[in-house]
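Dear colleague,

Please find below the structure that I would like to hand over to you. After it, I set out what was found in it.

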Amino acid sequence: MPGAGTGPPSVWVVVPCYNEARRLPLHEFESLLVRSDVAVLFVDDGSRDGTLELLRAFAGRFPRRAVVLPLAANRGKGEAVRAGMLHALAEGAAVVGYLDADLATPPEEVLRLLAALEAGGWRAVLGSRVRLLGSEIRRSALRHYRGRVFATAASLALDLPVYDTQCGAKLFRSCPALAQALASPFRARWAFDVELLGRLMAPARAEGLRAADIVEVPLLRWSDVRGSKLGSWQMLRAAGELLGVALRLRRARGRREKDRTGDGTLGAARPR
Ligand SMILES: Nc1nc2c(ncn2[C@@H]2O[C@H](COP(=O)(O)OP(=O)(O)O)[C@@H](O)[C@H]2O)c(=O)[nH]1
Ligand SMILES: [Mg+2]
């Protein structure tokens, strides 16, 4: 488990970046680096607005702690996150997660998610945007209700009582199920969080995560940052992707059920 030692970073936070030059609060990422075991891995997803140069200049100030992984062409958030997480696992990460470049989830909250992962023995911690007394969750009513419809559908698709699958801040302990879940490209560009959770819970050849391995931590602060790339068309696309993920998960569950009732052994169907 990560401690605040002086060895190589054991906690890697992947930050997908696509044309973020105008809203990348780079200095704020320094708050994550207060823990000497944390590395921030910026994945530049083929940006064309100078994002890569900004990231490189920032990373130059924090050797080995701030790292840039440039992708030659734009492949979408899901694939950028997957490339970053695979890179982190190859570097020996014990914990790997992701965070939106606009820091809608502030760094202190990410450190709180990390503390929850370490304290509770969870295998995955998901930031959750729940409006509660004492918390500051700022997003427009439209985005809130659109998000709630999506998240409810995602929860049904996963057959998991998860409140918020789409918050951009999540952490996972490294394990064979995680490596397998990341082994092949996501089909979804935006609904990949749901696809990832589905894969984690039913990997092909490893012990999957159970609901009891995952905790959602209500964030104390989260604010929607202007300049979102998730417009109405992408929202529609995400809804279509979610339907595809739901159908594949359903088929995989059906196959497992058949295996169980057929020859009595547990099936190894994959949610693809
Ligand atoms: N890699 C990659 N990341 C993207 C792309 N579009 C958005 N992102 C990243 O996804 C994160 C969230 O994007 P944002 O536009 O703020 O969406 P929202 O907050 O979900 O409305 C940010 O880190 C973006 O840089 C894309 O095409 N490729
Ligand atoms: Mg955003």
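**A buried alanine in a loop**

Alanine 169 counts as buried, because 26 C-beta neighbours lie inside 10 Å of it and 20 or more are required for that label. Please bear in mind that this is a predicted model. Alanine 169 is placed in the loop between α4 and β7 (170-173). Leaving aside its neighbours within four places in sequence, alanine 169 is in contact with Leu99, Thr105, Glu109, Val110, Leu113 and Gly127. One of these residues, valine 110, is 59 residues away from alanine 169 along the chain, yet the C-alpha atoms of the two are separated by 7.0 Å.

**Helix α6 and its surroundings**

The next topic is a helix. Helix α6 covers residues 192-201, and 10 of its 10 residues are buried. Among them are residues of quite various kinds, including Phe192, Asp193, Glu195, Gly198 and Arg199. Which elements do the buried residues of α6 pack against? They pack against α2 (77-90), α4 (141-158), α5 (176-181) and α7 (232-262).

**Helix α4 and its two partners**

Helix α4 may be described first with α6 and then with α7. The axes of α4 and α6 are 10 Å apart, and the helices pack at an angle of about 20°. The two helices are therefore roughly parallel to each other, since angles under 35 degrees count as such. The crossing in which α4 passes α6 is right-handed. On the α4 side, Ala154, Ala157 and Leu158 take part, and they meet Val194, Leu197 and Gly198 in α6. By class, this contact of α4 with α6 consists of 5 nonpolar residues, 1 polar residue and no charged residues.

With α7, the axis of α4 comes within 9 Å and crosses at roughly 15°. That makes α4 roughly parallel to α7 as well. Here, however, the crossing is left-handed. From α4, the residues Arg146, Phe150, Ala153, Ala154, Ala157 and Leu158 meet Met235, Ala238, Ala239, Leu242, Val245, Ala246 and Leu249 in α7. This contact of α4 with α7 has 12 nonpolar residues, no polar ones and 1 charged one. Ala154, Ala157 and Leu158 of α4 thus appear in the contact with α6 and in the contact with α7.

**Two residues with a positive phi**

Most residues other than glycine have a negative phi. Two residues of this model may be inspected with that in mind. Asparagine 19 has a positive phi of about 45°, although it is not a glycine. Asparagine 19 is found in the loop between β1 (11-17) and β2 (38-45). Is asparagine 19 buried, exposed or partly exposed? It counts as partly exposed, because it has 19 C-beta neighbours inside 10 Å.

Arginine 64 also has a positive phi, near 70°. Its place is in the loop between α1 (51-60) and β3 (66-71). Arginine 64 is exposed, because there are 10 other C-beta atoms within 10 Å and 12 or fewer count as exposed.

**The shell around ligand 1**

Finally, how many residues surround ligand 1? There are 17, and the closest are Asp45, Ala80, Ala101, Ser228 and Lys229. The elements that give two or more residues to this shell are β1 and α2. By class, the shell around ligand 1 has 7 nonpolar, 4 polar and 6 charged residues.

With kind regards

Key
Residues numbered from 1 in each chain as written. Chains lettered and ligands numbered in written order. Predicted model: local features only at pLDDT ≥ 70, side-chain atom pairs only at ≥ 80, totals over all residues. Helix = DSSP H or I, 4+ residues; strand = E, 2+ residues; numbered from the N terminus. Contact = placed C-beta atoms within 7 Å. Near = placed C-beta within 6 Å. Nonpolar A, V, L, I, M, F, W, Y, C, P; charged D, E, K, R; others polar. Axes fitted to C-alpha atoms, helices over the stretch in contact; angles between N-to-C directions. Parallel < 35°, antiparallel > 145°, perpendicular 65-115°, else oblique. Left-handed = near helix turned anticlockwise from the far one by under 90°.
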